[in-house]
Amino acid sequence: FRKSRDVPSLRQDFSRFAQEHRGEFDVIVVSRPHNLMAVTPLVRHYFPRARLIYDAEALYFRRDYTYLDYVDKVTNGTRTVDPITRVALIRSKARELLIFNEVDGFIAVSELERQYTLTRLPHFVGQAYVVPDVSTPPAFRTTPAHRHDILFLGAFHGNMYYNGDAVAYFLRRILPLVRQRLPPEQSPVTIVGSSPPRELIGLANTASNVTVLGFVEFLEPVFARARVLVIPHRYAAGIPIKAFTAASQGVPVVIADSANLGFGMNASYGVTTADSDEAFASAVIDHLTRTDVWERQAANLAKFHRYYNQKTFTGHLRRIFESTARTACHAPPVREHRPSGE
């Protein structure tokens, strides 16, 4: 259902599918809150004995709350998020937690995320699973030759929240530290992501040798020029898929500690962590200027690929499906949800 344009079209497409395959599935996995809210009544109506599993690829309310905590921390309480935004984030958390009441289990992307959820929803302890994502090794050995760019990758959705905030922070606080030691021609920045907001484009235009490409369909040429991928987010949740994209292209990563909370990676996996602006800038400079650092970190990505491999991923899913399907086969039908309009 990836081609569904929006929630109404998703609901319509899934309804058509459900009617054609009524009762055929023992386990159904749904990802993202808005998708789950859209299809849950249809799942319960057309597949009453199926177990519904929520794929919690990222806990959005956790990202929102780390944002609130960050604002309070860096301003010592002198600047707070405006009341309307704060209330919206609190309501978003409530909605996201409520959807767990509609499912029979959930999948987290890491043990850290699983434990974080269980502290708030302890009754899921027997139905909380961990399934890490998959990283595909590059088809060829990468080298630092002809690589010069500092790369940022992430969708912006026309606003300065999350990815927009991360780029702004990098350009304002970290890049100037890099430029104290490297001129712009030796530290070019490329920003890739759909719908970059005007504020971000304006900020990029004030810096030297910073290019905002917007949406790029084929990323291989961009990564062929990239020396390092930066993940400078001040608040985050889940695991950064952009790190997997970089690893699949053989490009090392520098990540802020605040973005590594649900990830738990370190330099031995080709992912260098940084706990300060100075440490982040220093790591970027090392990747740009030291061949030995770049080659070591690129080689360490092999451990990343071994940890996030297809076989492990498939094994996790098989165990979940087998155990959940057995439960579904012996379970009575759940209460019927009749889709509206039927």
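**Entry 1: serine 15 and helix H1**

I began with serine 15, which I found in helix H1. The model I am reading is predicted. Serine 15 has a relative accessible area of 17%, so I recorded this residue as buried, the cut-off being under 20%. I then listed its contacts, leaving aside neighbours within four places in sequence, and noted Leu42 and Tyr46.

I stayed with H1, which covers residues 7–20, and looked at phenylalanine 14 and phenylalanine 17; both lie in this helix, three residues apart, about one turn. An α-helix has 3.6 residues a turn, so residues three or four places apart point the same way. Is phenylalanine 14 buried or exposed? Its relative accessibility is 7%, so I entered phenylalanine 14 as buried. Phenylalanine 17 stands at 26%, and I therefore entered that residue as partly exposed.

**Entry 2: aromatic pairs**

I next looked up the aromatic pairs, and the count came to 19. One of them joins phenylalanine 14 and phenylalanine 17: the pair is tilted, with 6.1 Å centre to centre and 35° between the planes.

For phenylalanine 17 I had already noted partial exposure, at 26% relative accessibility. I then turned to phenylalanine 244 and tyrosine 308, which form an edge-to-face pair at 4.7 Å centre to centre, with 70° between the planes. Which parts of the chain does this pair tie together? Phenylalanine 244 belongs to helix H9 (residues 241–248), and tyrosine 308 to the loop between helix H11 (291–307) and helix H12 (310–329), so the pair links parts that are 64 residues apart in sequence. I recorded both phenylalanine 244 and tyrosine 308 as buried.

These two residues belong to one aromatic cluster, made up of Phe244, Phe263, Tyr269, Phe304, Tyr307 and Tyr308. At tyrosine 269 I also noted a charge: the charged end of lysine 303 sits over the ring, 4.5 Å from its centre. I found another such arrangement at tyrosine 116, where the charged end of arginine 120 sits over the ring, 3.9 Å from its centre.

**Entry 3: the four-stranded sheet**

I traced an open sheet of four strands in the order E1-E2-E3-E4, with parallel pairing. Its edge strands are E1 (27–31) and E4 (128–130), each pairing on one side only. Neighbouring strands are turned by 25° against each other on average, direction ignored. Helix H2 (residues 33–46) packs on this sheet and touches E1 and E2; the direction of H2 makes about 175° with that of E2.

How many bridges join E2 to E3? I noted four, between E2 (residues 51–56) and E3 (residues 105–108), and the two strands run parallel. Aspartate 55 stands opposite isoleucine 107 in E3, and alanine 56 has alanine 108 of E3 as its bridge partner. From E3 I moved on to E4; three bridges join these parallel strands. Here alanine 108 stands opposite valine 130 in E4.

I also checked the side chains of E3. Gly105 and Ile107 point one way from the strand, Phe106 and Ala108 point the other way, and all are buried.

**Entry 4: helix H6 and two positive phi values**

Where does helix H6 bend? I located the bend at leucine 171, within a helix that spans residues 163–179, and its angle is about 40°. H6 is mostly covered, with 13 of its 17 residues buried.

In the loop between strand E5 (149–153) and H6 I found tyrosine 162. Its phi is near 60°, a positive value in a residue other than glycine. The relative accessibility of tyrosine 162 is 15%, so I recorded this residue as buried.

Asparagine 209 likewise has a phi near 60°, positive although the residue is not glycine. I placed asparagine 209 in the loop between helix H7 (198–205) and strand E7 (210–214). Its relative accessible area is 38%, and I therefore entered asparagine 209 as partly exposed.

**Entry 5: the chain as a whole**

I closed with totals. The protein chain holds 12 helices and 10 strands. Of its 342 residues, 49% are buried. Among contacts between residues at least 6 apart in sequence, I noted that 70% join residues at least 24 apart.

How values were computed:
Residues numbered from 1 in each chain as written. Predicted model: local features only at pLDDT ≥ 70, side-chain atom pairs only at ≥ 80, totals over all residues. Heavy atoms only, no water. Bend = angle between axes of the 7 residues up to and from the residue. Buried < 20%, exposed > 50% of the residue type's maximum accessible area, 1.4 Å probe, protein only. Phe/Tyr/Trp six-rings, centres within 6.5 Å; stacked < 30°, edge-to-face > 60°. Lys NZ or Arg CZ within 6 Å of the ring centre and 35° of its normal. Pairing = 2+ DSSP bridges. Axes fitted to C-alpha atoms, helices over the stretch in contact; angles between N-to-C directions. Contact = heavy atoms within 4.5 Å.
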